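Open your viewer, switch to a cartoon view and keep the selection tool at hand. We will take a short walk from one stop to the next.

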Amino acid sequence: MAETHSTPRSAVLHRNTRFVPKKAVGGKGSYIFLEDGTMFLDSTGGAAVSCLGHGHEQVNQAVINQINQLSYCHSAFFSTEVTEELAQFLTDSTGGKLSKLYIVSSGSEAVEAALKLARQYYLELPTPQPQRTRFIARSPSYHGITLGALAAGGHVIRRQPFEPLLSQNTSHVSPCYAYRGKKDGESDAEYVARLAAELEAEFQRVGSENVCAFIAEPIVGAAMGAVPAVPGYFPAMKAVCEKHGALFILDEVMCGMGRCGALHAWEQEDVVPDLQTIGKALGGGYAPVSGVLIGENIVQALDKGTGVFRHGHTYQGHPVSCAAALAVQKVIEEQNLLENVRNMGAYLEGRLRSRLEAHPNVGDIRGKGLFWGIEFVKDKATKEPFSPLVNVAFQIQETGLDPMYGISLYAASGTVEGTQGDHVILAPPYNVTKEEIDIIVQISGKVIERVFANITTAR
């Protein structure tokens with residue numbers, strides 16, 4: 001007898017070969033419409049991507065107009081007006097602190113480009129420093145899924161199958177993770193000094209003359225669940241880098257482009273990076289697009305050296321992607337949506353704390369703007385995480401997908417030292433309303449309560 005399948009056949013290699021997801025057939029605003037008639041509340045914007053929601057007419061029209069004008073040309077031969085305009089818009093948005101934009105298609109590509117550009121910078125100096133081949137990052141962290149970006153990150157679960165293939169030129173220091181990292185009675189300033197001393201010690205251990213750059217996310221996304229740094233942390237880290245002549249790279253692929261209430265997350269941290277990666281909310285999901293914003297010091301070194309960045313992509317500076325990104329950024333600016341991110345972010349925080357802070361399995365609620373994480377624990381007093389075998393994060397995400405709830409809760413595990421711990425992220429669109437936030441919090445609370453009621457019963 002032929003084998004039967006409980007799920008439909010598909011020629012797509014989905015994320016799980018044993019599961020074919022439902023088809024999305026449409027979307028508008030904060031909702032995605034599924035083939036079975038479910039109105040699905042996209043409270044995470046996918047992976048913190050859909051910053052304007054779905055079906056935004058102004059962005060749609062900009063994409064259509066660009067396709068009608070020119071859909072593709074190779075950047076080795078030509079530039080386009082929309083590519084130049086996007087680059088000018090974004091470099092202007094930094095106040096000229098970052099003077100060039102390199103445009104690619106995904107966050108992983110942006111990180112790869114930033115790492116290679118950091119290395120090439122030292123080869124282009126009047127007195128080259130070819131010994132600089134190392135990077136320092138944080139653990140756990142996530143900087144992308146390609147081999148170079150994965151090697152830079154410290155996400156244990158995602159790295160594990162590919163460890164033999166990964167470059168060994170990145171070492172990792174502790175994150176700024178106040179919920180678990182700060183000692184009892186330790187002030188923010190003392191905590192920052194301790195982390196700065198750890199970074200200093202790592203420079204000394206690997207040889208400060210060998211380090212290209214330190215790379216970090218201003219607010220840690222998927223690896224730890226919207227974890228912001230304490231005040232003063234990033235200026236202290238940059239000072240260590242400057243002391244040793246190393247570059248300072250901020251990965252804002254997930255937390256940047258307005259997600260935290262400023263267009264660039266570093267604006268809230270009182271630092272300026274040498275290189276900044278951007279993505280996700282850059283194009284709001286309307287086309288694949290990401291980029292690297294580059295400091296003038298690096299631009300000048302390249303210009304006075306070979307003048308050639310030895311790196312390139314077929315779809316680099318794609319006109320349709322640039323048109324989508326430019327349209328998204330113009331909507332954010334014209335409608336003053338960063339103010340709404342700050343106001344609705346404060347409202348979301350208040351509602352989350354009111355609804356969930358007292359729950360015995362909610363250990364921490366943290367974030368900034370419209371980027372919030374909820375960490376779950378087995379014991380609130382000791383902060384003991386659940387065993388990975390319980391699959392808490394997965395259960396919450398899957399329960400949210402049930403048509404009874406119809407909500408996205410971006411779940412991940414490995415919150416604690418990369419191997420244990422569970423969290424979910426909420427990242428609604430920048431034009432979200434109070435009424436929509438009330439619905440998000442209400443349904444999220446019900447999902448979380450149902451999952452933990454089942455876990456308690458199973459014990």
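Which strands does helix 10 lie across, and at about what angle does helix 10 run to strand 12? Keep in mind that this is a predicted model. Select helix 10 (296–304) together with strand 4, strand 10 (247–251), strand 11 (275–278) and strand 12 (290–295): the helix lies across these four strands and runs at about 85 degrees to strand 12.

Next, colour the whole sheet. Seven strands make up this open, mixed sheet, in the order 4-12-11-10-7-5-6. Strand 4 (98–104) and strand 6 (170–173) are the edges; each has a single partner strand, so one side of each lacks a neighbour in the sheet. On average, neighbouring strands are turned by 20 degrees against each other, direction ignored.

Zoom in on the strand 6 edge. Strand 5 (residues 134–138) runs parallel to strand 6, and four bridges join the two. Pick R138 and you will find its bridge partner, V173, in strand 6.

Now move to Y315, in the loop between helix 10 and helix 11 (319–334). Leaving aside residues up to four places away in sequence, Y315 touches Y72 and S105. W372 is 57 residues from Y315 in sequence and 32 Å away in space, C-alpha to C-alpha.

Finish with helix 3 (residues 81–93) against helix 11: their axes are 9 Å apart, at an angle of about 40 degrees, which makes helix 3 oblique to helix 11. The crossing is left-handed. Show side chains here: V82, L86 and F89 are among the helix 3 residues that meet helix 11, whose side includes P319, A323 and L326. The contact residues divide into nine nonpolar, two polar and three charged.

Methods
Residues numbered from 1 in each chain as written. Predicted model: local features only at pLDDT ≥ 70, side-chain atom pairs only at ≥ 80, totals over all residues. Heavy atoms only, no water. Contact = heavy atoms within 4.5 Å. Axes fitted to C-alpha atoms, helices over the stretch in contact; angles between N-to-C directions. Parallel < 35°, antiparallel > 145°, perpendicular 65-115°, else oblique. Left-handed = near helix turned anticlockwise from the far one by under 90°. Nonpolar A, V, L, I, M, F, W, Y, C, P; charged D, E, K, R; others polar. Pairing = 2+ DSSP bridges.
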